[in-house]
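Hi everyone, thanks for coming. Let me put the sequence and the structure up on the screen, and then we can walk through a few spots together.

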Amino acid sequence: MNTALIRKRLVIGNWKMHGTQVSNAMLLTGLCAGMAVVHDCDMAVCAPFPYLGQVAAALHGTGISWGAQDVSKHEQGAYTGEVAPAMLVDFGCKWVLVGHSERRALHGETDGLVAEKASAALKAGLAPVVCVGETQAQQQAGQTHEVIARQLAPVLALGAESVAKMVLAYEPVWAIGTGLTATPQQAQDVHAFIRAQLTELGVPQVRVLYGGSVKASNALSLFAMSDIDGALVGGASLVPEEFLRIAAA
Ligand code: PGA
């Protein structure tokens with residue numbers, strides 16, 4: 001079975017901590033208006049928590065799905081400031097980013113916690129987008145595969161049935177928001193490594209997105225790689241024309 005044929009492309013925008021009600025409305029209107037250029041590609045945006053209701057209302061019935069950027073590992077309780085998976089599901093959320101490198105680096109999220117969050121998200125019916133990626137120092141020390149394997153291990157340990165419902169995203173930390181992008185071949189090399197682990201688990205069909213300074217100008221060459229199934233897009237997802245051109249690539 002050629003799983004590349006059944007892995008529909010997926011492009012997810014990660015708005016990070018950007019936006020206002022007014023700027024979001026313009027961005028969402030632009031996305032909906034330009035959707036016709038996008039074919040055979042699933043599209044989604046991951047917005048800050050307070051704007052999820054706005055995003056849900058604007059994208060209802062458009063075919064663009066949406067998600068959150070983080071989620072608690074807890075179901076409910078005395079966890080001030082946290083957002084439970086069931087709360088996201090309560091108003092129709094589909095995706096949630098888990099283990100983004102900014103959460104790992106700035107909020108101390110460990111590989112174990114990332115797996116716990118992914119598991120909690122799945123249990124509530126969300127589709128986790130689990131992010132992995134090495135730092136520049138790790139890359140230069142030749143540790144990329146080792147780091148990715150370590151980050152993935154507790155996630156893959158959740159089992160084939162769980163992993164089958166996830167999306168993975170390879171985002172080299174040195175390429176995020178820096179304008180540096182992995183070359184298509186560099187990215188493909190890591191994606192093939194991840195694919196091999198998914199294949200070993202029996203879930204080669206799981207989509208693996210690339211992230212890190214993806215733009216309309218480099219999307220096509222990245223998407224030409226056999227194990228790159230789409231993109232997780234930060235900065236460029238805030239400009240509707242740019243994001244649409246990536247999804248159309
Ligand atoms: P970037 O961010 O596209 O701005 O590099 C990607 C991400 O952090 O998901």
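Here is a question to start with: is Glu116 buried, partly exposed or exposed? Glu116 counts as partly exposed, at 40% relative accessibility. In these terms, buried means under 20% relative accessible area, exposed means over 50%, and partly exposed is in between, with a 1.4 Å probe and protein chains only.

A word on where this comes from. This is a predicted model, so local features need pLDDT of at least 70 and side-chain atom pairs count only at pLDDT 80 or more, while totals for chains, interfaces and linings use all residues. Residues are numbered from 1 along each chain as its sequence is written, and side-chain values use heavy atoms, with hydrogens and water left out.

Let's stay with Glu116 and look at its partner. The side chain of Glu116 meets that of Lys73 in a salt bridge, 3.4 Å from N to O. By salt bridge I mean a side-chain nitrogen of Lys or Arg within 4 Å of a carboxyl oxygen of Asp or Glu. This pair links distant parts of the chain: Lys73 sits in the loop between β3 (64-68) and α4 (85-90), Glu116 is in helix α6, and the two are 43 residues apart. The helix and strand names are DSSP runs, numbered from the N terminus: H or I with at least four residues for helices, E with at least two for strands. Lys73 is partly exposed too, with a relative accessible area of 33%.

How many salt bridges does a search of the whole structure find? The search gives 14. Let me show you some others.

Please find Lys16, which forms a salt bridge with Glu102, the closest N and O atoms being 2.8 Å apart. This pair also links distant parts of the chain, with Lys16 in the loop between β1 (9-14) and α2 (21-34), Glu102 in helix α5 (residues 101-106), and the two positions 86 residues apart. Lys16 is buried, with a relative accessible area of 19%, whereas Glu102 is partly exposed at 29%. There is something to note in the backbone of Lys16 as well: its phi is near 55°, a positive value in a residue other than glycine.

Ser213 has a phi near 55° as well, again positive in a residue other than glycine. You will find Ser213 in the loop between β7 (208-211) and α11 (216-223), and it counts as buried, at 15% relative accessibility.

Back to the charges for a moment. Glu242 and Arg245 meet through their side chains in a salt bridge, 3.8 Å from N to O. They are three residues apart in helix α12 (residues 240-248), so about one helical turn separates them. Arg245 is exposed, with a relative accessible area of 52%. And if you would like a network of salt bridges, look at Arg7, Arg195, Asp227 and Asp229, which are linked in one.

Now for the cysteines. How many disulfides does a search of the whole structure find? Zero, taking a disulfide as a pair of cysteine sulfur atoms within 2.5 Å. Why is Cys93 not in one? Its sulfur is 7.3 Å from the closest cysteine sulfur, in Cys46, and that is too far for a bond. For Cys131, the closest cysteine sulfur is also in Cys46, at 8.8 Å, again too far for a bond. Cys93 is buried, with a relative accessible area of 7%, and Cys131 counts as buried at 1%.

Let's turn to helix packing. Helix α6 (residues 111-124) and helix α8 (residues 144-156) pack at an angle of about 35°, with their axes 8 Å apart. Those axes are lines fitted to C-alpha atoms, for helices over the stretch in contact, and angles run from 0 to 180 degrees between N-to-C directions. The contact is made by Asp111, Gly112 and Ala115 of α6 and Arg150, Gln151, Pro154 and Val155 of α8, where contact means heavy atoms within 4.5 Å.

One last stop, in helix α8, is Thr144. Thr144 is buried, with a relative accessible area of 11%. Not counting residues up to four places away in sequence, Thr144 touches Glu134, Gln138, Gln139, Tyr170 and Val190. Thr144 and Val190 are 46 residues apart in sequence, and their C-alpha atoms are 7.9 Å apart in space.
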